[in-house]
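Visitor: I am new to this structure and would like to go through some of its features with you. May we look at it together?
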Amino acid sequence: MKTNFKPLILTAITAFAVFACTSNDDSSTSADSNDTDEIADEEVVTELHAAYGAFNADAVTAILSDDGTEVYIETTGFPDHTSIYWEEDNALYLDETSAGVVKTTQNTYIGGGQGEAASFTVDAIPNLTGSTVSTQLNTIGIAVSGASIFNDQEGAGDLDDAAGSLDWAGGHKGPGVYHYHLEPTPISSDDDSLVGILLDGVFIYGRQCNSTGTNPTDLDASGGHTSTTQYTAGEEEYHYHIINEVYTTGNYAYTPAYVLFAGPFQGY
Ligand SMILES: [Zn+2]
Ligand SMILES: [Zn+2]
């Protein structure tokens, strides 16, 4: 594994950074601006963060931009674990009806062509100095499995009402991308495993922190704090955790359950 992560951080003056949060990288050219107000400091890195080595390489591709300021991430959206949401003849199909899972969709399934692929660009170094940003009812991050992370809301209604459709991984589909709302237990189950990366460029880990081997008690409102992780080579870095607070709902088939991420984003 190429995980020789060096936290070598340089500072560059670049206009590119101004557009980093709001547009695709192809539309951001660094040389066509004559407005000096658009020049900003941007931290750059020289290597892709070692945590990307934990992602399912069959689904997820991460590429560091040439100038070291951003990471382009794309995924097929297909998780690498079993679920009732695979088609029944797929090797990863798991019949969870006996456990009580009631599927949300009739004629859709993972890989069924409902536009599950996704891509986005994050800052290589999250901006932790600005104000917080609320999460939205859509993909808020990509898990190491390759599937989407959603927040604690359900588009068609309260998450409580949809909890009966969540599979053993805390995810469901319907009819868009397969996505997790709860602690995705195939990835992390009360341990310190990397769960994924959120759209603000901050990594999210399981309920335990590698720095202490325990459930952290110093988390902010987003489940974040600053400490070393197994991917930072001894350096401290801001990251999120799944908050160790039981999500009480009567109809989730697998308990106890923990909300994966309720926000707000701290890294925009
Ligand atoms: Zn959902
Ligand atoms: Zn931690």
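Visitor: Is E183 buried or exposed?
Guide: In this predicted model, E183 has a relative accessibility of 5% and therefore counts as buried.

Visitor: Which side chain does E183 meet in a salt bridge?
Guide: E183 meets the side chain of R207, with N and O 2.8 Å apart. R207 sits in the loop between β11 (203–205) and β12 (224–227), while E183 sits in the loop between β9 and β10 (194–198). The two residues are 24 apart in sequence, and the pair links distant parts of the chain.

Visitor: And R207, buried or exposed?
Guide: R207 is buried, at a relative accessible area of 7%.

Visitor: What is the N to O distance between R207 and D190?
Guide: The distance is 3.7 Å, and their side chains form a salt bridge. D190 lies in the loop between β9 and β10 and R207 in the loop between β11 and β12, so this pair ties together parts that are 17 residues apart in sequence. D190 is partly exposed, with a relative accessible area of 29%.

Visitor: Which residues make up the network of salt bridges, then?
Guide: The network links E183, D190 and R207.

Visitor: Why would such side chains pair at all?
Guide: Side chains of opposite charge can pair when their charged atoms come close.

Visitor: How many salt bridges are there by this rule?
Guide: The count is three. One of them joins K173 to E116, whose closest N and O atoms are 3.1 Å apart. K173 is in the loop between β8 (171–172) and β9 (179–180), and E116 is in the loop between β4 (70–75) and β5 (118–123), so the pair ties together parts 57 residues apart in sequence.

Visitor: Are those two buried or exposed?
Guide: K173 counts as buried at 0% relative accessibility. E116 counts as buried as well, at 5%.

Visitor: Let us change topic to the metals. What coordinates the zinc ion (ligand 2)?
Guide: Its donors are C209 through SG, and H225, H239 and H241 through NE2, at 2.0 to 2.3 Å. Along the chain, these donors follow the spacing C-x15-H-x13-H-x1-H. H225 belongs to strand β12 and H241 to strand β13 (residues 237–241), so this pair ties together parts that are 16 residues apart in sequence.

Visitor: Where do H225 and H241 stand, buried or exposed?
Guide: H225 counts as buried at 7% relative accessibility, and H241 counts as buried at 1%.

Visitor: What is the geometry of that site?
Guide: The site of the zinc ion (ligand 2) is tetrahedral, with angles of 102 to 124 degrees among the four donor atoms.

Visitor: Which residues are the protein donors of the zinc ion (ligand 1)?
Guide: They are E154 (OE), H172 (NE2), H179 (NE2) and H181 (NE2), lying 2.0 to 2.3 Å from the ion. Their spacing along the chain is E-x17-H-x6-H-x1-H. Among these donors, both H172 and H181 are buried.

Visitor: Why is the arrangement around the zinc ion (ligand 1) irregular?
Guide: The four donor atoms subtend angles of 85 to 166 degrees, which makes the arrangement irregular. To count as tetrahedral, all angles would have to lie between 85 and 135 degrees.

How values were computed: Residues are numbered from 1 along each chain as its sequence is written. Chains are lettered from A and ligands numbered from 1 in the order in which they are written. This is a predicted model: local features need pLDDT of at least 70, side-chain atom pairs count only at pLDDT 80 or more; totals for chains, interfaces and linings use all residues. Side-chain values use heavy atoms; hydrogens and water are left out. A salt bridge is a side-chain nitrogen of Lys or Arg within 4 Å of a carboxyl oxygen of Asp or Glu. Helices (H or I, at least four residues) and strands (E, at least two) are DSSP runs, numbered from the N terminus. Buried means under 20% relative accessible area, exposed over 50%, partly exposed in between (1.4 Å probe, protein chains only). Donors are N, O and S atoms within 2.8 Å of the metal (3.2 Å for Na, K and Ca); water is not among the atoms, so sites may look incomplete. Four donors count as tetrahedral if all angles lie between 85 and 135 degrees; four count as square planar and six as octahedral if opposite donors are over 155 degrees apart and all others between 65 and 115; anything else is irregular.
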